[in-house]
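I opened the model and kept notes as I went. The entries follow the order in which I looked things up.

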Amino acid sequence: MHVNVTQLRVAATCPRLHWFDARATAERQDGRTVVSRIWRKGGEAPGCGALFHTAVERFNAAAASSDEVLAALEAAGDAPGLQQALMRWFNASCLNLDALAARPVPLRLGFISAVQLYMEELARLAAHARAAGLPAAELRAQLFGDSRKRVDVTFHVGEDVHVHVTGAIDYVYFDPRLGKHRIVDYKLTPATSPNSDLFQVFTYALMHHHQHGTRPDVAVFYLHPTRSVREARWEEIEAKRGKVYELIASMVAWSDHAVGAGGLPPPGDRAYCGGCKHERSGACVAQLGHKDVGAWDRRWTALEATRGGGAPEGSERAAASAPAADEPAADEPMVEDDPELDEALAVVKPAVERPKPAPARGRGRKAPAEAPPGGTSARPPEARAANVTGMLLGFDDGGAPVCVDPAVLRTHVSVVGAAGSGKTWMAKVIAEEALRAGVPVVAIDPQGDLVQMMEARPPSDVPPELHRAWEELRERMEPRILTPGSSHGLRLCLDPLRLPSAGELSHIANPALRAEEEEGLLVAVAANLVSLCACGGEEESQRTFLYQVLRHLPRAAPVRLRDIVAAVTAPEDLGIDDVDSLIRKSERERLARKLNTFVQGPSARLFSGGTRLDFTELLRPSKPGRVPLNVVYLNALSNDDEKHFFLAALATELYRWMITTVDATSGGVNLLFYIDEARDWIPAGGSKPPAKQPLIRLFTQGRKYGVGCLLCTQSPRSVDYNVFGNTSTKLIGRLEAAQDVERVIDWFTIEGGAPPWVAARKGAPKGSFVARWPDMPAELAGRAFKGRTLFTRHAGAWSPDRVERAVTEAGLRGTGG
């Protein structure tokens with residue numbers, strides 16, 4: 001199910017409005033969603049909300065790159081002066097003043113008053129920041145450059161029920177006065193239902209937290225007809241999150257009831273009956289009964305109670321009550337539309353269109369309609385593949401293709417199944433489809449299964465209906481076999497180390513967040529080096545000391561390992577005082593000796609020879625139209641410690657590249673990062689191999705930068721649960737252990753009941769999978785399918801010598817395929 005925050009607000013206002021909307025949507029033939037627009041007017045005050053929001057959205061977007069706004073911020077002496085400067089620019093750049101002059105006088109006065117209040121608060125915030133020493137360019141980026149207004153989160157709210165919620169926040173920014181993020185929702189209505197209005201912004205805050213890791217405070221700012229502010233801290237939002245979750249779960253049940261698919265009947269709310277067309281027509285009571293008849297889905301509350309956390313605050317309320325903190329005011333008038341909505345665009349100047357890059361081939365295409373479950377077809381399996389769009393995963397028992405939009409890669413993918421279930425085959429299919437869709441791939445191959453993707457499967461082994469797709473992959477894929485520490489393929493080395501520079505992080509407007517990112521990267525590099533040295537002793541002291549060394553090293557030029565060895569040997573030369581308080585001299589000397597072996601000793605192969613690890617180069621094709629496949633073959637390394645260290649270093653470098661290079665606002669999929677045998681690198685429980693935390697960080701942060709992760713494992717219970725919690729797309733093959741079945745059940749439900757298809761996964765045929773991804777068509781839910789034919793070779797694991805021979809024969813010693 002896919003809803004937006006506006007629909008949540010309507011359902012919170014009156015569940016029966018959502019029920020009627022869901023039924024009307026189902027009856028439409030064009031697939032468009034019906035949403036009741038509600039707004040409240042106070043007496044004779046004009047409703048200028050649409051005009052205000054349209055104008056302010058235009059202002060914020062234009063101000064982010066305006067030289068005039070930057071000059072006003074630089075010259076800001078006091079808040080009133082800055083307010084007037086911003087108002088002048090707003091009037092000249094964002095409004096059609098002639099069109100505004102033609103509007104009714106009460107509306108003009110209300111709109112101008114609201115804008116002045118908005119600019120007053122903005123000017124106060126900006127003046128405070130400038131007085132505190134924040135540069136004007138950084139302030140402009142903080143106030144107007146935050147691209148995270150659009151939120152997109154999938155909530156797990158019931159048995160195999162995932163609700164995809166999207167929305168657009170009025171305003172989100174980092175408030176230097178408080179040292180934290182704030183989300184503001186602006187209202188041009190009387191403050192008669194502040195708790196109901198706060199409910200909507202609570203939802204935005206939870207979504208922003210899930211998607212971006214923030215913990216924002218919130219405010220509802222009433223600008224007209226009377227100025228007032230209602231605020232809430234993050235702690236209150238977190239405590240009342242259950243009300244949001246229960247509303248989302250209830251919306252699913254009410255929607256099902258509206259289309260005759262079971263579910264729950266919704267209660268009504270008399271406070272809104274006065275302006276409701278369903279009340280005036282008599283349809284509300286005639287079709288749903290008395291207003292008190294109906295129910296909410298309270299399973300989230302019950303689950304929390306069974307977990308021992310106690311029920312969330314407010315969960316004891318009656319079934320017919322709204323989920324807001326308090327009841328709205330009675331007899332609050334409501335109309336079904338905002339009469340200013342269409343006319344607002346005539347007053348606000350349109351934004352200047354900027355050309356957008358063409359999307360990569362295959363992105364954003366929707367899968368075609370599929371045959372119903374259990375349907376039959378006279379055409380054989382794979383016979384319908386010639387004209388499918390999207391990523392072709394496989395075919396169901398009736399021969400219908402199972403396709404998925406490439407955009408789901410951004411939300412991460414996991415493929416699980418017992419040994420011999422076909423999980424690596426399926427993961428390779430996904431990687432092939434990503435390449436066909438124009439998404440470059442970096443694949444971590446610990447054994448030698450993935451390097452075989454450099455060779456195409458013979459065309460005689462590919463069904464005729466798939467020849468076109470096979471040929472497309474062959475023409476687009478640019479394979480590279482990367483072998484750290486050896487020359488079996490393209491040799492990679494880790495020297496010099498990539499440490500973040502001030503310039504690379506300058507795009508992060510929030511100085512506190514910028515410092516946190518820099519510190520996190522330095523801590524990760526220090527931890528990786530300590531784990532590689534394995535000196536024993538007080539590892540925390542060693543990490544702290546190395547972190548200080550990395551902080552003090554000049555980063556204008558590349559930092560080589562020998563520079564770190566010299567600094568560890570003589571830290572006083574860097575200005576690090578009182579070294580003995582950080583680390584004992586004997587441990588520091590032992591650390592220096594061990595690090596030096598990676599410069600001059602036999603272990604130096606990881607830090608010498610070959611090509612420096614550089615993701616910008618790895619993802620750059622040698623020719624236009626080609627898509628790089630980079631397979632990092634670890635099996636040539638001599639021991640597990642070196643494999644763990646290299647993968648940790650690679651994951652850290654990928655994160656550095658991601659936050660310093662990638663445009664997080666592009667919305668596309670920039671890279672698929674594929675990890676085979678994930679349990680070896682991200683184990684469950686307290687075990688912390690070097691790569692675990694860097695990899696988990698990619699799963700938690702990658703989606704906002706368009707870096708999708710694909711993991712493959714035969715034992716879901718053996719992989720850290722946090723990883724699966726950040727994986728929205730899951731493909732489940734044959735399961736054997738009862739514990740694995742239980743783990744899968746836990747993924748797909750929050751109340752303990754098993755999805756009906758899970759039992760059939762135990763002992764399922766080889767190559768059979770059931771999938772779940774965001775916005776999956778309802779007819780595919782729970783349907784088993786088999787993976788399509790692979791377009792690349794798939795045989796036993798290759799040894800280092802076999803890899804070397806294949807790379808040489810294919811002529812892949814250069815930089816391209």
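**Entry 1: cavities**

I began with empty space, and I found that the structure holds 6 cavities of 30 Å³ or more. Rolling a probe the size of a water molecule over the atoms shows where empty space is left. My rule for a cavity was a set of points, on a 1 Å grid over the protein atoms alone, where a 1.4 Å probe fits but cannot get out; lining residues have an atom within 4 Å of a point. Grid points are joined across faces, edges and corners, and a volume is the space filled by probe spheres set on the points.

The largest cavity contains about 240 Å³ of space. I listed 18 residues in its lining, and those closest to the centre are Leu 497, Arg 498, Val 525, Ala 649 and Glu 653. Two elements, α18 (511-533) and α23 (640-661), give two or more residues to this lining. Which element gives the most to the lining of the largest cavity? I found that α23 does, with 5 residues.

**Entry 2: what kind of model this is**

I noted that this is a predicted model, in which local features need pLDDT of at least 70, side-chain atom pairs count only at pLDDT 80 or more, and totals for chains, interfaces and linings use all residues. Residues are numbered from 1 along each chain as its sequence is written, and side-chain values use heavy atoms, with hydrogens and water left out.

**Entry 3: the whole chain**

I counted 28 helices and 20 strands in the protein. Helices (H or I, at least four residues) and strands (E, at least two) are DSSP runs, numbered from the N terminus.

Of the 817 residues in the protein, 55% are buried. Buried means under 20% relative accessible area, exposed over 50%, and partly exposed in between, with a 1.4 Å probe and protein chains only.

I then looked at contacts (heavy atoms within 4.5 Å). Among the contacts with a separation of 6 or more, 75% are between residues 24 or more positions apart.

**Entry 4: helix α4**

Which residues of helix α4 (residues 67-74) are buried? I found Val 69, Leu 70, Ala 72 and Leu 73. They cover an arc of only 160° around the axis, so they sit on the same side of α4. The arc is that of the directions from the helix axis to the C-beta atoms. Asp 67 and Glu 68, on the other side of α4, are exposed. I also noted what the buried residues of α4 pack against: α3 (49-63), α5 (79-94), α7 (105-131) and α8 (136-144).

**Entry 5: Val 153**

I found Val 153 in strand β2 (residues 150-158). Val 153 counts as buried, at 8% relative accessibility. Leaving aside neighbours within four places in sequence, Val 153 is in contact with Val 163, His 164, Val 165, Met 207, His 210 and Gln 211. I checked one of these: Val 153 and Val 165 are 12 residues apart in sequence, and their C-alpha atoms are 5.4 Å apart in space.

**Entry 6: salt bridges**

My rule for a salt bridge was a side-chain nitrogen of Lys or Arg within 4 Å of a carboxyl oxygen of Asp or Glu. The count by this rule is 33 salt bridges.

I looked at Asp 185 and Lys 187, which form a salt bridge with the closest N and O atoms 3.2 Å apart. Both Asp 185 and Lys 187 are buried.

Next I took Glu 246 and Arg 298, whose side chains meet in a salt bridge (2.7 Å, N to O). This pair links distant parts of the chain, 52 residues apart: Glu 246 is in helix α11 (residues 241-258), and Arg 298 is in the loop between α13 (283-288) and α14 (299-306). Glu 246 is buried, at 3% relative accessible area, whereas Arg 298 is partly exposed, at 23%.

A third salt bridge joins the side chains of Arg 793 and Glu 455 (2.7 Å, N to O). Arg 793 lies in the loop between β20 (784-787) and α28 (800-810) and Glu 455 in the loop between β11 (441-445) and α17 (467-476), so the pair ties together parts 338 residues apart in sequence.

**Entry 7: cysteines**

How many disulfides are there? I counted 0 disulfides, using pairs of cysteine sulfur atoms within 2.5 Å. Cys 14 is in no disulfide, and the nearest cysteine sulfur, that of Cys 284, is 6.4 Å away. Cys 14 is buried, with a relative accessible area of 8%.

Methods. On a 1 Å grid over the protein atoms alone, a cavity is a set of points where a 1.4 Å probe fits but cannot get out, and a pocket is an open set with protein on both sides within 12 Å along at least five of seven lines; lining residues have an atom within 4 Å of a point.
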